[in-house]
Amino acid sequence: MAKSVCGHLKDHIKPVKPSANGCEDCLKTGDPWVHLRMCLDCGYVGCCDSSKNRHARAHYAASGHPIIQSAERGEKWRWCYVDEVYLD
């Protein structure tokens, strides 16, 4: 994945801890997920766009928190929903 420039890095990456050990909302409903993403603004853990509920994207839409990081073991990349770019 190519690194890209994003103007949201400075204001929307904070030292956060994951809000749950899985998709926070899928755990409440019992739904499965494909992959997990963590919001770097608040620590919310949601399911990816390949999951039926797309909770990570829904969190962005509701909160305006633009940057997520993969919460999958061994993956370090980040994504900005506003600029639609991978950050690393």
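Begin with the whole chain in view: among contacts between residues at least 6 apart in sequence, 48% join residues at least 24 apart. Keep in mind throughout that this is a predicted model.

**The whole chain**

Colour the chain by secondary structure, and three helices and five strands should appear, following one another from the N terminus in the order α-α-β-β-α-β-β-β. If you then reduce the display to the C-alpha trace and turn it along its principal axes, the trace spans about 35 × 25 × 20 Å. The radius of gyration of the chain is 12 Å, which agrees with the value near 12 Å for a compact globule of 88 residues.

Switch next to a surface display. The chain exposes about 5,300 Å², and carbon and sulfur atoms supply 50% of that area, while 39% of the 88 residues count as buried. Should you colour the surface by charge, there are 12 positive and 11 negative side chains to find, and the centres of the two sets lie 4 Å apart.

**The cores**

Hide the surface and select C6, C23, C26, L36, M38, L40, V45, C47, I67, C80, V85 and L87, which together make up the largest nonpolar core, a set of 12 residues. Two of the strands, β1 (36–39) and β2 (45–47), each supply at least two residues of this core. Apart from it lies another core, of five residues, and selecting A56, I68, W77 and W79 will show you four of its members. In soluble globular proteins, nonpolar side chains tend to be buried together.

**V45, a member of the largest core**

Now centre the view on V45, which is found in strand β2 and belongs to the largest nonpolar core. Is V45 buried or exposed? Its relative accessibility is 1%, and because buried means under 20%, V45 counts as buried. Show the residues around V45, leaving aside its neighbours within four places in sequence, and you will find it in contact with P18, S19, A20, G22, C23, E24, L36, R37 and M38. Of these contacts, C23, L36 and M38 are also listed in the largest core. For a sense of distance, draw a line from the C-alpha atom of V45 to that of A62: the two residues are 17 apart along the chain, and the atoms are separated by 14 Å.

**The loop between β2 and α3**

Move along the chain to S51, whose place is in the loop between β2 and α3 (55–63). Although it sits in a loop, S51 is buried, with a relative accessible area of 4%. Which residues is S51 in contact with, once its neighbours within four places in sequence are left aside? Select W33, V34 and H35 to see these contacts.

R54 is found in the loop between β2 and α3 as well, but R54 is partly exposed, with a relative accessible area of 36%. Inspect its backbone too, for R54 has a positive phi of about 50° although it is not a glycine.

**The loop between β4 and β5**

The last stop is E84, found in the loop between β4 (78–80) and β5 (85–86). Here again the backbone deserves a look, since phi of E84 is near 50°, a positive value in a residue other than glycine. With a relative accessible area of 58%, E84 is exposed, whereas V85, which comes from strand β5, is a member of the largest nonpolar core.

Note on methods: Residues are numbered from 1 along each chain as its sequence is written. This is a predicted model: local features need pLDDT of at least 70, side-chain atom pairs count only at pLDDT 80 or more; totals for chains, interfaces and linings use all residues. Side-chain values use heavy atoms; hydrogens and water are left out. A nonpolar core is a set of buried Ala, Val, Leu, Ile, Met, Phe, Trp, Tyr and Cys residues joined through side-chain atoms within 4.5 Å. Buried means under 20% relative accessible area, exposed over 50%, partly exposed in between (1.4 Å probe, protein chains only). Helices (H or I, at least four residues) and strands (E, at least two) are DSSP runs, numbered from the N terminus. The radius of gyration is taken over C-alpha atoms; the globule rule is 2.2 Å times the number of residues to the power 0.38. Contact means heavy atoms within 4.5 Å. Accessible areas come from the Shrake-Rupley method with a 1.4 Å probe; for residues, only the protein chains shown count as cover. Lys and Arg count as positive and Asp and Glu as negative; His and the chain ends are not counted. The place of a charge is taken as NZ of Lys, CZ of Arg, CG of Asp or CD of Glu.
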